Amino acid sequence: MKQKIMALLTLLFVTQSSFAIKLNEQIKQNVDKARKSYEQLINKEQPSLWIHVRSEEQRYLLQQFSGWLRSVSSIKIEPVQLVKEGPKKTQLRFFSSQDKDKAKDLVKKLQKIFPQLELQDLSDQYGAMSWMEEGHFELWLAPDLKKITLPVSPATVAPPVNTQR
């Protein structure tokens, strides 16, 4: 009988210890994630994305896009700029060599919507400009862009957005 009680106590102790270790690991992971998020908020300004469109129709297309982008990125979306001229192809531009990795990450996300998106490194031309701050990105839409389709996520199914009214 004593052996059964000792075996049961040993099993209980091992199970409790294992659970405590897993719980401590989970708590540590959560604290590390929170600390990392906090440090990102206080140590760095949020990157910003300026979007340049060629028409009011393109501005309309972006109404659903900005919500999707906010859900997959922490980038701040600035007011949309209506321009008459720009590149012939859709481009994501960055201006500081320190932003290269962020730009590559952002372009991967944006290519889900704009498969032909090109990454344009303008850091050689603008890197020495004191007014051009790190974290400045520009998305220039091609003049012939008439439709975007948001990626399908398990929670939502987004129909194609079309400017043909």
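This passage describes the fold, the nonpolar core and the pairing of strand E6 in a predicted model.

In this predicted model, local features were considered at a pLDDT of at least 70 and side-chain atom pairs at pLDDT 80 or more, whereas totals for chains, interfaces and linings use all residues. Residues are numbered from 1 along each chain as its sequence is written, and side-chain values rest on heavy atoms, with hydrogens and water left out.

The protein contains 4 helices and 8 strands, assigned as DSSP runs (H or I, at least four residues, for helices; E, at least two, for strands) and numbered from the N terminus. Read from the N terminus, these elements follow the order α-β-α-β-β-β-α-β-α-β-β-β. Of the contacts (heavy atoms within 4.5 Å) with a separation of 6 or more, 82% join residues 24 or more positions apart. Of the 165 residues, 32% are buried, a class defined by under 20% relative accessible area, with exposed meaning over 50% and partly exposed in between (1.4 Å probe, protein chains only). The exposed area of the protein is about 12,000 Å², of which carbon and sulfur atoms supply 55%, as computed by the Shrake-Rupley method with a 1.4 Å probe.

The largest nonpolar core, a set of buried Ala, Val, Leu, Ile, Met, Phe, Trp, Tyr and Cys residues joined through side-chain atoms within 4.5 Å, holds 25 residues, and the members that touch the most others are Leu-49, Phe-65, Leu-69, Leu-110, Phe-114 and Leu-139. Two or more residues each are given to this core by strand E1 (48-53), helix H2 (56-72), strand E4 (91-94), helix H3 (100-110) and strand E6 (136-140), and the largest share, 5 residues, comes from H2. Beyond residues up to four places away in sequence, Leu-110 touches Phe-65, Leu-69, Leu-92, Leu-117 and Leu-139.

Strand E6 is mostly covered, with 5 of its 5 residues buried. In a regular strand the side chains alternate between the two faces of the sheet. In E6, His-136, Glu-138 and Trp-140 point one way, while Phe-137 and Leu-139 point the other way. Pairing, which requires that DSSP finds at least two bridges between two strands, links E6 to E1 in the parallel sense over 5 bridges and to E4 in the antiparallel sense over 4 bridges. Phe-137 is the bridge partner in E6 of Leu-49 and also of Phe-94.

Glu-78 lies in the loop between strand E2 (76-77) and strand E3 (81-82) and is buried, with a relative accessible area of 14%. Apart from neighbours within four places in sequence, Glu-78 is in contact with Ser-48, Leu-49 and Trp-50.
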